[in-house]
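Biologist: Could you take me through one part of this protein closely, beginning with a single pair of neighbouring strands and working outwards from there? I am new to reading structures, so please keep the steps connected.

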Amino acid sequence: MFSKLFLRICILKRKQHISYIDKQYFHVNIKESMLNLPVSRLKQFFKQQCLNVVEGYTCIIADCPICDNKMKESKLYINKTTGFFMCNKCKSMGSWDILEKFLSTQKSSERYKELNVLKDTCHLKENFVQIWKGVIKNSQSIVDMSLEEYEILLNNFSLPYVTQEDMSHLNCFYEKSANVLYFPLVGLNNSIVGYKSLTTHLKEEQTFPTFGVSGCIKYKQSHSKSDNVAVVVGTIEDLLALISKKSTHTIICLPYNLRNLPQQLLPYMESFKKLILWFGNDETSWYTVKQFAKKFNERRCYFVRPTDLQPRPTLAAKMNYDLKAILRNAQPVWHESIITFQELKEEILSDLLNIDKVQGVKWKRYPVLNQILKGHRRGEFTVLTGPTGCGKTTFMSEYSLDLAMQGVNTLWGSFEIRNVRLAKTMLQQMVGVPLDENLENFDLYATAFEKLPIYFMTFHGQQTIKVVMDVIEHATYVHDIAHVIIDNVQFMMGTTDSSKHVDRYYKIVVARNNFTSFETVLLCFRFWKQDDIVAKFRNFATKYNCHVSMIIHPRKERSDEELTTSSIFGSAKASQEADNVLIIQDKSLSSLRGKKYLQVAKNRYSGDLGVMLLEFDKSKLSYTSRLKGKQKSGEKDKSSSKKQRAEQTDEKTV
């Protein structure tokens, strides 16, 4: 019995270890950060080695210093934001700190040994060509199908009608036994770097590898000359809809739909001078266009404005809209710093026509929050506070889980609770049953949770704000993060890095205010430090169009008094900078009949304030909300029906 249990634990540990290494899905590497070097400095590194260098839209393109065969013309692509590099010949890739060693002018025997070791580590180990051959081994090429078989295939998958000749340009294969279509992902030098599969079951698309692929599905008309303009779509269905209408020469289908735009794909997109992004008119598409345009370089990006007359390509093709006219009407994403109302007019009209999309993503577990806050919007700053032990982290984990299950890419920074405990809580909240009583289904639950776009920072305890901001900016760029949670801000205030300036701050305050108490000065310094942290996160939310939710402990107050916005620890800056202030009021701590509820104390978007009751289900580790408005309306309906009955009886007696 004991040996079986031990063996099961070892297998689970091994699975967790493999999933961490292969997918890199849950944890963000602390060593990875944004590249803090100007482009001119990057160019200088290559010029010192007498290497040709050119600046592209997203990358710097230079001769590869890693390639052994110098006779072959190789191109090295270095991401201008992160420093991540890729070579189109030797297939080397890695971070900037590795490439910097190859560009160093220092030469020695030990240096050469180190570089030889680095060459082996940064070479791409996996051969996707062999993997692709194994996938299509039992499949049939679209080219080899008869016309009758091909038409049956289109009907089975309910795909737009595309000629067999056009479909052959995609080099796709059909596996009849599994009823799956395979589309290869093409990268630099037209090499196969992965594949995308389409099944008839719910038309679900799956991509291999699951993270960081460097290619996409590309369609190009056989007789087209220009390859400078491309239309970018998210799904295979939209790709085929554009092909069927002969609406454009070159079409790109992204590998991961709208979930993520990997930085490994950017070198392949360098050859295009103009990109037209056409995704759809839902909430996800609405925000993803601008997020992806920043990665592609906004100066070359245009987008099809999401309106009812310009839906996603599949719907537009079914409605027989003029797809070429829609593409001609695409608007530029990039604009100058100073613009006129005439340039804003279309965006204002679009906001009014798509009011539901502007309001943000709706919660499914908290319908009362939808009535008050209207939705979860990018670029906002939310503060959550409440007394000690009231369940702030538990509520925020379910609050963020609800959004992640709807496709909101989430980054958790838990400095107070370890990631294992936090992930366990979120997993139990997702499945809604006690995990220890359902161990036989753990693998099934874990597989479902892995598919959620949730990432965890590996910090625990006190950290400096600079290190935290570097990791968040890197994760936002690489993983397209839309929601960042910080729990809690007090863990970034007491670091040794900030304590160096206490003495200097003490002298300044004493000189200006004649304070003599060091405790008073230290408290003022903590307030100033917290204001600085809040300001940095507020600027980050605006600059990167990312929602930041921050947990801040309140001041020590009497337990019988309700918390207000002035109860938040520190100065008034946190409540002033916040777009939303949420307060958990826990009356159960002071009264046996007291209840716990969430109070929306500030709402900058609509101005609506209100209260949501919180009932904790211990088996699910979940809070449920109760609709007060519906109860009141029900009571009103009952009272009005009673009045009507009384009036009817009076009429009968008369």
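Modeller: Strand β8, which covers residues 173-175, and strand β9, which covers residues 180-186, pair in the antiparallel sense, and three bridges hold this pairing. Please keep in mind throughout that what we are looking at is a predicted model. If you want one position at which to see the pairing of these strands, take Y174, whose bridge partner in β9 is L181.

These two strands belong to an open sheet of five strands, whose order is β7-β8-β9-β10-β11 and whose pairing is antiparallel. At the edges of this sheet lie β7 (140-141) and β11 (205-208), each of which pairs on one side only. Helix α5, made of residues 128-135, lies across β8, β9, β10 (192-199) and β11, and it runs at about 30° to β10.

The helix and the sheet also meet through their side chains, and here the aromatic rings are worth following. The whole structure holds 15 aromatic pairs, and one of them joins W132 to F173 in an edge-to-face arrangement, with 5.9 Å from centre to centre and 80° between the planes. Because W132 lies in helix α5 while F173 lies in strand β8, this pair ties together parts that are 41 residues apart in sequence. Both partners are hidden from the surface: W132 is buried, with a relative accessible area of 5%, and F173 is buried as well, with a relative accessible area of 12%. The rings of W132 and F173 are also members of a wider group, since ring pairs link F128, W132, F173, Y182, Y195 and F208 into a cluster. If you place these residues on the elements already named, F128 falls within the range of helix α5, Y182 within that of β9, Y195 within that of β10, and F208 within that of β11.

For comparison, it helps to look at a second sheet. This is again an open sheet of five strands with antiparallel pairing, in the order β2-β3-β4-β5-β6, and its edge strands, each pairing on one side only, are β2 (53-55) and β6 (93-94). Strand β3, residues 59-62, runs antiparallel to β2 and is joined to it by three bridges, and in this pairing V53 has A62 as its bridge partner in β3. Moving one step across the sheet, β3 and β4 pair in the antiparallel sense over four bridges, with Y77 in β4 as the bridge partner of I61. One step further, three bridges join β4 to the antiparallel strand β5, residues 85-87, where M86 stands opposite Y77. Y77 therefore appears in the pairing on both sides, with I61 as one partner and M86 as the other. The connection from β4 to β5 is a hairpin with five residues between the strands, and G83 in its turn has a positive phi of about 85°.

Strand β4 also lets you see a pattern that is worth learning. In a regular strand the side chains alternate between the two faces of the sheet. In β4, L76 and I78 point one way while Y77 and N79 point the other way, and all of these residues are buried. A helix is found beside this sheet too, for α2 (residues 39-48) lies across β2, β3 and β4 (76-79), running at about 165° to β2.

Finally, let us set these parts within the whole. The protein contains 23 helices and 26 strands, and buried residues make up 50% of its 654 residues. Among the contacts with a separation of 6 or more, 65% are between residues 24 or more positions apart. The protein exposes about 33900 Å², of which carbon and sulfur atoms supply 52%. Rings also take part in another kind of arrangement, in which a charged side chain lies over the ring face: K295 lies over the face of Y477, at 5.2 Å from the ring centre, and R377 lies over the face of Y605, at 3.9 Å from the ring centre.

Definitions and conventions. Residues numbered from 1 in each chain as written. Predicted model: local features only at pLDDT ≥ 70, side-chain atom pairs only at ≥ 80, totals over all residues. Heavy atoms only, no water. Pairing = 2+ DSSP bridges. Contact = heavy atoms within 4.5 Å. Axes fitted to C-alpha atoms, helices over the stretch in contact; angles between N-to-C directions. Buried < 20%, exposed > 50% of the residue type's maximum accessible area, 1.4 Å probe, protein only. Areas by Shrake-Rupley, 256 points an atom, 1.4 Å probe, with all protein chains shown as cover. Phe/Tyr/Trp six-rings, centres within 6.5 Å; stacked < 30°, edge-to-face > 60°. Lys NZ or Arg CZ within 6 Å of the ring centre and 35° of its normal.
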